[in-house]
Amino acid sequence: MKETFLITGANRGIGLELTKLCLSKNFNVEACCRNPEASDELKNLSNHNPHLNVTKMDVTNSKSILSAAENFQNKIDILVCNAGVNNGKGDIFSKEHNENAIMEVMMVNVGGPFLTIQNLYKNLNKNSMSKIVIISSLMGTQTHLSNNAPIYRASKAAANNLMRTISNHFLNDNIIVSSYHPGWVRTDMGGANADISAEESATGLINHFLKLQKSDTGKFFNYDGKPLPL
Ligand SMILES: NC(=O)c1ccc[n+]([C@@H]2O[C@H](COP(=O)([O-])OP(=O)(O)OC[C@H]3O[C@@H](n4cnc5c(N)ncnc54)[C@H](OP(=O)(O)O)[C@@H]3O)[C@@H](O)[C@H]2O)c1
């Protein structure tokens, strides 16, 4: 039987493209998003594809994640923590970095993967090697000279650290935990001037997810599979 992917933030951007590409390769997809009713693309896709199951899920809320799990059709082989926000691109003195914005970015980008993995661990397919991947960002790397987006950068540094800690937890299990920079991608978040299309990013990501070996656990990769510094 083909693998099952679970993708968070599947209604637009990289998450939607990952969903479409998985379906085109006949994988099963548990596509999760905050508001399935508002996602015409996901609704259209699910009308035509028995391999797609769309579920309402907010990654910042354990109850929402647990009730989503009741609707899943398959055990998960590849859990993709993709949902993310960046609502502060200026420097430390930019007004956009207020308490609410800081809490939202930290809660979605760090709390989101944490709660998703904590609550969906039981849904992983334990009969074979399962994979947990966090879509992080090169902006989280510690060795940079930029002064913009301090909170987003910190959230992605924390997401990579979280990946490392969780990979250590599962070191002796049939579970690989890795994180990825998806590239600078033309989505609502990346903007129209970004380097690559969502399709190019998703194609590289899926190819590498499928190739992941146990020796890759705890590591951070570019979307094309090149290893990156944490
Ligand atoms: N685009 C880039 O250049 C780039 C570069 C590096 C890393 N990334 C990372 O790649 C991932 C995807 O980015 P993207 O470019 O596709 O962004 P996007 O187009 O802005 O989409 C973000 C997705 O996250 C979802 N989301 C936000 N908060 C959520 C929550 N609380 N619960 C569930 N879903 C939530 C959004 O759902 P709603 O529609 O409900 O808001 C949307 O589906 C993010 O983690 C981002 O940080 C992107």
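## Exercises on helix packing and burial

α1 passes α6 in a right-handed crossing, and the exercises below, which concern a predicted model, start from this pair of helices.

### Exercise 1

Determine how the axes of α1 and α6 are arranged, and state which residues make the contact between the two helices.

*Solution.* Two packed helices are described by the angle between their axes and the distance between the axes. For α1 and α6, the axes come within 9 Å and cross at roughly 60°. Angles from 65 to 115 degrees would count as roughly perpendicular and those under 35 degrees as roughly parallel, and therefore α1 is oblique to α6. On the side of α1, the contact is made by Gly13, Ile14, Glu17, Leu18, Leu21 and Cys22, while α6 contributes Ala198, Glu199, Ser201, Ala202, Thr203, Leu205, Ile206 and Phe209. Sorted by character, the residues of this contact divide into nine nonpolar, three polar and two charged.

### Exercise 2

Compare the end-to-end reach of α6 with the expected value, and find out which of its residues are buried and what covers them.

*Solution.* Helix α6 has 14 residues, for which 20 Å is expected at 1.5 Å a residue, and the reach from its first C-alpha to its last is 20 Å, close to that expectation. Turning to burial, Ala198, Ser201, Ala202, Gly204, Leu205, Ile206, His208 and Phe209 of α6 are buried. What covers these buried residues includes α1, which was met in the previous exercise, together with β1, β4, β5, β6 and β7.

### Exercise 3

Place Thr187 in the structure, decide whether Thr187 is buried or exposed, and name residues that Thr187 touches.

*Solution.* Thr187 belongs to the loop between β6 (175-181) and α6 (198-211). Its relative accessible area is 18%, and since the cut-off for a buried residue is under 20%, Thr187 counts as buried. Leaving aside residues up to four places away in sequence, Thr187 touches Gly13 and Ile14, and both of these also take part in the contact of α1 with α6.

### Exercise 4

Check whether the span of α5 agrees with its number of residues, and describe how α5 packs with α4.

*Solution.* Helix α5 covers residues 150-169, and its 20 residues should span 28 Å at 1.5 Å a residue; the end C-alpha atoms are 29 Å apart, which agrees. The axes of α4 and α5 lie 9 Å apart and the helices pack at an angle of about 15°, so that α4 is roughly parallel to α5. The crossing in which α4 passes α5 is right-handed. From α4, the contact involves Ile102, Val105, Met106, Asn109, Val110, Pro113, Phe114 and Ile117, and from α5 it involves Ile151, Tyr152, Ala154, Ser155, Lys156, Ala158, Ala159, Leu162 and Ile166. These residues divide into 14 nonpolar, two polar and one charged.

### Exercise 5

State what covers the buried residues of α5, and then examine Ala159 as one of them.

*Solution.* Among the buried residues of α5 are Ile151, Tyr152, Ala157, Ala159, Leu162, Met163 and Ile166, and the elements covering the buried residues of this helix include α4 (99-120), β5 (130-135), β6 and β7 (220-222). Ala159 has a relative accessible area of 1%, which makes it buried. Apart from residues up to four places away in sequence, Ala159 touches Asn109, Ile134 and Ser136. Between Ala159 and Ser39, which are 120 residues apart along the chain, the C-alpha separation is 27 Å.

### Exercise 6

Find the sign of phi for Asn26 and for Ala149, and decide how accessible each residue is.

*Solution.* Most residues other than glycine have a negative phi. Asn26, although not a glycine, has a positive phi of about 65°, and Asn26 lies in the loop between α1 (13-24) and β2 (28-33). With 45% relative accessibility, Asn26 counts as partly exposed. Ala149 is found in the loop between β5 and α5, and its phi is near 45°, again a positive value in a residue other than glycine. The relative accessible area of Ala149 is 1%, and therefore Ala149 is buried.

### Exercise 7

Decide whether Ser24 is buried or exposed, and give the distance in space between Ser24 and Leu228.

*Solution.* Ser24 is located in helix α1, and its relative accessible area of 55% makes Ser24 exposed. Ser24 and Leu228 are 204 residues apart in sequence, and their C-alpha atoms are 29 Å apart in space.

Conventions
Residues are numbered from 1 along each chain as its sequence is written. This is a predicted model: local features need pLDDT of at least 70, side-chain atom pairs count only at pLDDT 80 or more; totals for chains, interfaces and linings use all residues. Side-chain values use heavy atoms; hydrogens and water are left out. Helices (H or I, at least four residues) and strands (E, at least two) are DSSP runs, numbered from the N terminus. Buried means under 20% relative accessible area, exposed over 50%, partly exposed in between (1.4 Å probe, protein chains only). Contact means heavy atoms within 4.5 Å. The expected span of a helix is 1.5 Å times one less than its number of residues. Axes are lines fitted to C-alpha atoms, for helices over the stretch in contact, and angles run from 0 to 180 degrees between N-to-C directions. Angles under 35 degrees count as roughly parallel, over 145 as roughly antiparallel, 65 to 115 as roughly perpendicular and the rest as oblique. A crossing is left-handed if the near helix is turned anticlockwise from the far one by less than a right angle, and right-handed if clockwise. Ala, Val, Leu, Ile, Met, Phe, Trp, Tyr, Cys and Pro count as nonpolar, Asp, Glu, Lys and Arg as charged, and the others, Gly among them, as polar.
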